[in-house]
Amino acid sequence: MAVEVKTEESSIPQEEMVEKKLEADTDTDSDPVPVLTEKKIEAEAVTVPVVEKAASFREESNFLSDLKESERKALFDLRAQIEEAISTKTLFVEKEKEKEADGEEVKCVDEGDKLEEEVFLWGVPLLPSKGTDKTDVLLLKFLRAREFKPKEAFDMLQKTLIWRKSQKIDSILSDEKDYSNTDLDEACYIDGRDREGHPVCYNILGVLANAGLFETEEGRESLVRWRVRMMEKGIGMLDFEPGQVVSLTQVVDLKDAPRPGKKGVRAVLKRVVDVLQDNYPEMVARTIFINVPFWYYALSAIVSPFLTQRTKSKFVLSRPARTTETLIKYISAEALPVAYGGLKREGDTEFSLEDEVSELFIKANSAETIEIPAPQVGSTLVWDLSVIGWEVNYKEEFVPSDEGSYAVIIRKGKKMNSQEGLVHNSFKNNEAGKVVLTIENNSQKKKKVMYRHKAKFLPVKGC
């Protein structure tokens with residue numbers, strides 16, 4: 001079964017194309033879900049692509065002057081609808097068409113609820129006549145989610161406001177519910193920004209594998225609400241001014257994630273997808289799936305029908321062997337956590353985001369050296385280094401400037417396997433010289449090295 005998943009054109013090299021066969025899951029304790037098996041295909045055979053490549057999603061301009069005439073007209077129409085709904089106090093009254101012969105039934109969220117003169121969403125005023133440029137930026141998100149159809153965009157906005165009021169979303173960040181006895185804080189967190197300035201939200205699904213939250217309705221509701229809480233936290237970091245960052249980047253780590261056949265997983269997944277897609281339009285610029293396992297394609301088959309084509313165009317997929325290579329395209333090395341091959345260490349007191357990271361490419365079957373000068377005696381040199389994919393020989397030594405002195409081995413030569421993490425080391429010199437880092441690439445592939453270093457000098461004491 002071919003699953004349609006949009007990815008960035010440059011994000012994934014051409015995968016080996018295989019056919020997939022679906023079988024029924026016989027586990028009676030799990031939700032029924034297709035299980036995939038791989039069928040070998042001869043090289044000359046016609047293949048069915050599992051991942052369909054597409055042009056990458058690009059965020060549109062939020063400046064009014066950059067909009068097409070039809071888009072400006074749609075924005076003005078939506079403004080007028082909101083202005084009328086607020087002035088007539090009907091913004092929180094939803095009309096739903098029923099199948100009964102009566103035609104329409106008016107459903108109020110809270111009878112007698114008096115609409116405030118001004119309504120805010122994520123801190124942005126919605127009343128167009130009293131609004132700012134931020135109001136237009138926010139309204140454009142709803143319009144783009146509904147292909148610039150003003151009525152549909154208004155319906156979406158109205159339902160979002162009603163949902164937020166009924167679920168008390170505006171106070172969710174101060175929710176007194178205690179998550180300290182769960183793994184939720186480790187399963188989803190916001191850490192830094194990507195190369196374009198979007199806050200990055202990491203979703204570590206493997207943490208939830210044994211959390212037990214999928215097994216009860218209370219647990220599932222708690223998980224959905226917690227995920228909304230993290231979304232609200234990320235949106236709080238955005239600036240809705242035209243030309244500013246107005247969306248998030250999501251990284252979804254599927255390593256050891258609960259399989260779609262696990263009881264309750266599918267129900268939670270659908271609810272999270274529905275809530276985020278229905279109430280947070282255009283709030284995610286890109287979703288990067290990493291450590292994508294074989295069974296993910298079954299999950300894609302389940303989720304895909306609930307996603308819009310525009311949403312799917314923002315997906316990037318990465319196999320386990322290409323996690324760092326993929327992430328580094330979107331997140332700089334100094335902002336990418338060590339766990340994913342970057343140089344960002346938690347609680348790092350020696351380096352910051354302002355410390356420049358250099359890159360070095362090593363050709364196949366060749367070696368390169370990195371020299372860190374140490375002209376001042378008594379200085380402490382510190383450095384970070386990582387090689388994407390490793391599989392290289394690596395060593396560190398101090399070479400004195402005085403040819404009569406002996407070199408000092410800091411780290412013996414070692415074959416670094418693909419699972420190696422960040423190398424962080426330091427050296428205090430007793431004589432002038434330099435630290436030399438040697439990377440030897442004996443493989444048939446080019447290697448990318450990321451590194452940074454600095455010297456800490458002790459103040460010279462007076463006589």
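**Note on loops, cores and salt bridges**

1. W122 lies in the loop between β7 (120-121) and β8 (124-125). Helices here are DSSP runs of H or I with at least four residues, strands are runs of E with at least two, and both are numbered from the N terminus. W122 is not a glycine, yet has a positive phi of about 55°. Its relative accessible area is 15%, so W122 is buried. Buried means under 20% relative accessible area, exposed means over 50%, and partly exposed is in between, with a 1.4 Å probe and protein chains only.

2. Basis of the numbers. This is a predicted model, in which local features need pLDDT of at least 70, side-chain atom pairs count only at pLDDT 80 or more, and totals for chains, interfaces and linings use all residues. Residues are numbered from 1 along each chain as its sequence is written, and side-chain values use heavy atoms, with hydrogens and water left out.

3. N291 is a second case to check. It is found in the loop between β12 (284-290) and α7 (296-303). Its phi is near 55°, a positive value in a residue other than glycine. N291 counts as buried because its relative accessibility is 15%.

4. Overall make-up. The protein chain has 9 helices and 21 strands. Of its 463 residues, 46% are buried. Take the contacts (heavy atoms within 4.5 Å) with a separation of 6 or more: residues 24 or more positions apart account for 76% of them.

5. Which residues touch the most other members of the largest nonpolar core? They are L138, F240, Y280 and M283, in a core of 57 residues. A nonpolar core is a set of buried Ala, Val, Leu, Ile, Met, Phe, Trp, Tyr and Cys residues joined through side-chain atoms within 4.5 Å. At least two residues of this core come from each of α1 (69-87), α2 (133-145), α3 (150-167), α4 (184-187), α5 (217-235) and α6.

6. M283 contacts. Leaving out residues up to four places away in sequence, M283 touches W122, L138, K141, M231, I235, L238, F240, V246, S247 and L248. A separate, second core has 21 residues, including L360, V387, V423 and I439.

7. I370 sits in strand β15. Its relative accessibility is 5%, so I370 counts as buried. Among its contacts more than four places away in sequence are L360 and I439. The others are L385, V435, V436, L437, V449 and Y451. I370 and L437 are 67 residues apart along the chain, but their C-alpha atoms are separated by 5.0 Å.

8. Helix packing. The axes of α1 and α2 come within 10 Å and cross at roughly 105°. Axes are lines fitted to C-alpha atoms, for helices over the stretch in contact, with angles from 0 to 180 degrees between N-to-C directions. The angle makes α1 roughly perpendicular to α2. Under 35 degrees counts as roughly parallel, over 145 as roughly antiparallel, 65 to 115 as roughly perpendicular, and the rest as oblique. From α1, the contact uses A74, L75, L78, R79 and I82; from α2, it uses D136, L139 and L143. By class, that is 6 nonpolar, no polar and 2 charged residues. Nonpolar covers Ala, Val, Leu, Ile, Met, Phe, Trp, Tyr, Cys and Pro; charged covers Asp, Glu, Lys and Arg; the others, Gly among them, are polar.

9. Salt bridges. Side chains of opposite charge can pair when their charged atoms come close. The structure holds 26 salt bridges, each a side-chain nitrogen of Lys or Arg within 4 Å of a carboxyl oxygen of Asp or Glu. One of them joins K270 and D274, with the closest N and O atoms 2.8 Å apart. Both residues lie in helix α6 (residues 265-279), 4 residues apart, about one turn of the helix. K270 is partly exposed at 35% relative accessible area, and D274 is partly exposed at 24%.

10. Bridges across the chain. D355 and K454 meet in a salt bridge (3.4 Å, N to O). D355 is in the loop between α9 (323-330) and β14 (358-362) and K454 is in strand β21 (residues 447-456), so the pair ties together parts 99 residues apart in sequence. K454 is partly exposed at 26% relative accessibility. The K434 and E371 side chains also meet in a salt bridge (3.2 Å, N to O). This pair links distant parts of the chain, with K434 in strand β20 (residues 433-441) and E371 in strand β15 (residues 366-374), 63 residues apart. K434 is partly exposed at 29% relative accessibility, and E371 is partly exposed at 43%. Salt bridges with shared partners join R345, D348, E350, D384, R452 and K456 into one network.
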